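Trainee: I am new to this structure and would like a close look at a single part of it. Could you take me through that part slowly, and connect it to what surrounds it?

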Amino acid sequence: ITKQDAARLKNIAFTKFNPAYLEKRRFAVSALKNLGMKMGPGSVEEHIREEARQLCLKLSEQGDAHPRDIADSLTVSVSNIVCSMVFGKRYDHDDEKFVELMKIVHKVLSQLEHGSSQLMMVFPFLRFIPGVNSTNRILVECINKVHEFLRQEITKHREILDSENPRDFIDLILTELQTKEKTDCFTEENIVWIIQNMFFAGTETTANTLRWGILYMVLCPEEQQKVQSELDSVLGTDHDVPTLAHRSQLPYTEATIMETQRIRLVAPLNAPHAPNEDTTFRGYDIPAGTQVLTNLWSAHMDPEYWANPEKFDPRRFLDTEGKVVSRPDSYLPFSAGRRVCLGEQLAKMELFLLFSSLLKHFTFKLPEGAAAPSADDCMRVTPPRVNMCITRR
Ligand code: HEM
């Protein structure tokens with residue numbers, strides 16, 4: 001068994017569908033639900049709103065004298081939401097340890113996007129070829145550093161654990177570890193991997209979606225204005241950030257987020273899958289273990305379902321009464337089935353609260369005379385970095 005195979009056994013994502021995977025997934029789903037059900041202060045909604053307030057404050061402090069890219073601020077906010085849920089605390093935008101952690105997370109994800117990593121996913125034997133496997137070595141180094149950070153947090157949590165009152169994801173998982181018969185999936189080491197999954201799966205995906213959303217607002221100012229008019233008409237002069245209760249009154253805003261997720265998927269080819277046993281699908285024989293990539297992008301660009309699919313048009317997601325279409329066909333930003341994204345509900349809350357807060361408080365546009373950035377590369381997961389004017393409304 002190789003180190004990589006051993007790591008796969010400890011994960012949730014990228015692990016085989018088997019009883020151990022199911023046990024970990026069930027735990028993670030119920031922990032997120034448990035944390036999500038908390039009401040009032042300490043609730044997930046409040047954590048996200050606090051992050052939205054801090055983000056708006058940070059952008060206001062930076063002023064509008066110089067055009068700038070919003071990417072790093074968004075990554076910090078989104079990562080902090082995962083931190084609030086997992087560690088029970090947020091970090092300041094300038095906290096050294098946190099900034100270092102973010103750099104490592106970013107490095108891991110950019111290594112994964114690297115051509116040689118993609119090749120190694122399709123041809124795993126390449127990881128034994130010197131030179132080609134250098135991204136693999138960097139990945140292992142980075143992941144070890146993240147694990148060290150997580151182990152320190154777990155130790156701190158263990159010292160003051162009150163199993164009757166779990167505060168966050170780590171408390172919940174430590175409590176589970178105490179109460180459960182020791183099984184292969186709930187070992188000390190696996191906790192680190194499960195938490196790491198939350199981090200990697202939950203940060204860049206959400207931050208990149210928000211970045212695409214803001215980029216499309218810059219490229220389509222008339223759409224930006226429609227969202228802002230709707231926000232103004234519902235929220236009036238209230239200076240605080242929106243709440244989830246506002247969501248049903250803001251269909252155009254919601255549809256704009258959905259259209260962003262349609263037109264620029266952050267996982268266009270989904271996570272790699274493989275059948276556990278020999279399978280026949282639509283006349284094709286797929287032997288057990290064959291890697292299968294599902295092209296979610298093609299579903300989102302299928303002209304049979306989406307007229308003029310390359311056009312950014314939030315109205316696709318509104319019915320004749322102006323209400324949001326609840327289950328659109330040919331729309332799978334979080335994938336589907338048994339491996340569907342485990343953080344879908346959390347991600348939807350984050351996207352709504354952060355996107356609506358940003359557009360309520362700021363207008364985003366290109367500097368006078370600047371060339372419009374291209375959003376054309378259809379398979380591009382990460383949006384281009386764009387310096388924009390961010391003006392307080
Ligand atoms: C806009 C944000 C997000 C998008 C577009 C997204 C999308 C996806 C997709 C396409 C998958 C692969 C599903 C499959 O294998 O068929 C996935 C898996 C996963 N996501 Fe997300 N995700 C987002 C946010 C999050 C968040 C916030 C979390 C948790 C904190 C999360 C946790 C996970 C986990 C743990 C898996 C692996 C699930 C499994 O294999 O059982 N994701 N996500």
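**The shell around the ligand and the helices beside it**

Mentor: The element that gives the most to the shell around the ligand is α9, with four residues. Please keep in mind that this is a predicted model, and that the shell is described here as the model places it. Of the 25 residues around the ligand, those that come nearest are Ala201, Gly202, Ser335, Cys341 and Gly343. Two or more residues of the shell are given by each of α9 (188-202), α10 (204-219) and α14 (344-361). In character, the residues of this shell divide into 15 nonpolar, eight polar and two charged.

From the shell we can follow α14 to a helix that packs with it, namely α3 (residues 44-62), where the two make an angle of about 30° and their axes are 10 Å apart. The crossing in which α3 passes α14 is right-handed. On the side of α3 the contact is made by Val44, Glu45, Ile48, Arg49, Ala52, Leu55 and Cys56, while α14 brings Leu346, Met349, Glu350, Leu353, Leu354, Ser357 and His361. Sorted by character, the residues of this contact are nine nonpolar, two polar and three charged.

Looking along α3 itself, we find that Val44, His47, Ile48, Arg49, Glu51, Ala52, Leu55 and Cys56 are its buried residues. The length of this helix can also be checked: its 19 residues, at 1.5 Å a residue, should span 27 Å, and because its end C-alpha atoms are 27 Å apart, the two values agree. Just after α3 comes Gly63, which takes a positive phi of about 70°.

A positive phi also appears at Ser330, where the value is about 55° although this residue is not a glycine, and Ser330 leads us back to α14, since it lies in the loop between α13 (296-300) and that helix. With 15 other C-beta atoms within 10 Å, Ser330 is partly exposed. Arg282, likewise not a glycine, has a positive phi of about 45°, and its place is the loop between β1 (279-281) and β2 (284-286). Arg282 counts as exposed because it has 4 C-beta neighbours inside 10 Å.

To set this part within the whole, the protein has 14 helices and four strands, and buried residues make up 32% of its 393 residues. Among the contacts in the protein with a separation of 6 or more, 73% are accounted for by residues 24 or more positions apart.

Conventions. Residues are numbered from 1 along each chain as its sequence is written. This is a predicted model: local features need pLDDT of at least 70, side-chain atom pairs count only at pLDDT 80 or more; totals for chains, interfaces and linings use all residues. A residue is near a molecule or strand if its C-beta atom, placed from the backbone, lies within 6 Å of it. Ala, Val, Leu, Ile, Met, Phe, Trp, Tyr, Cys and Pro count as nonpolar, Asp, Glu, Lys and Arg as charged, and the others, Gly among them, as polar. Axes are lines fitted to C-alpha atoms, for helices over the stretch in contact, and angles run from 0 to 180 degrees between N-to-C directions. A crossing is left-handed if the near helix is turned anticlockwise from the far one by less than a right angle, and right-handed if clockwise. Two residues are in contact if their C-beta atoms, placed from the backbone, lie within 7 Å. The expected span of a helix is 1.5 Å times one less than its number of residues. A residue is buried if 20 or more other C-beta atoms lie within 10 Å of its own, exposed if 12 or fewer, and partly exposed in between; C-beta atoms are placed from the backbone.
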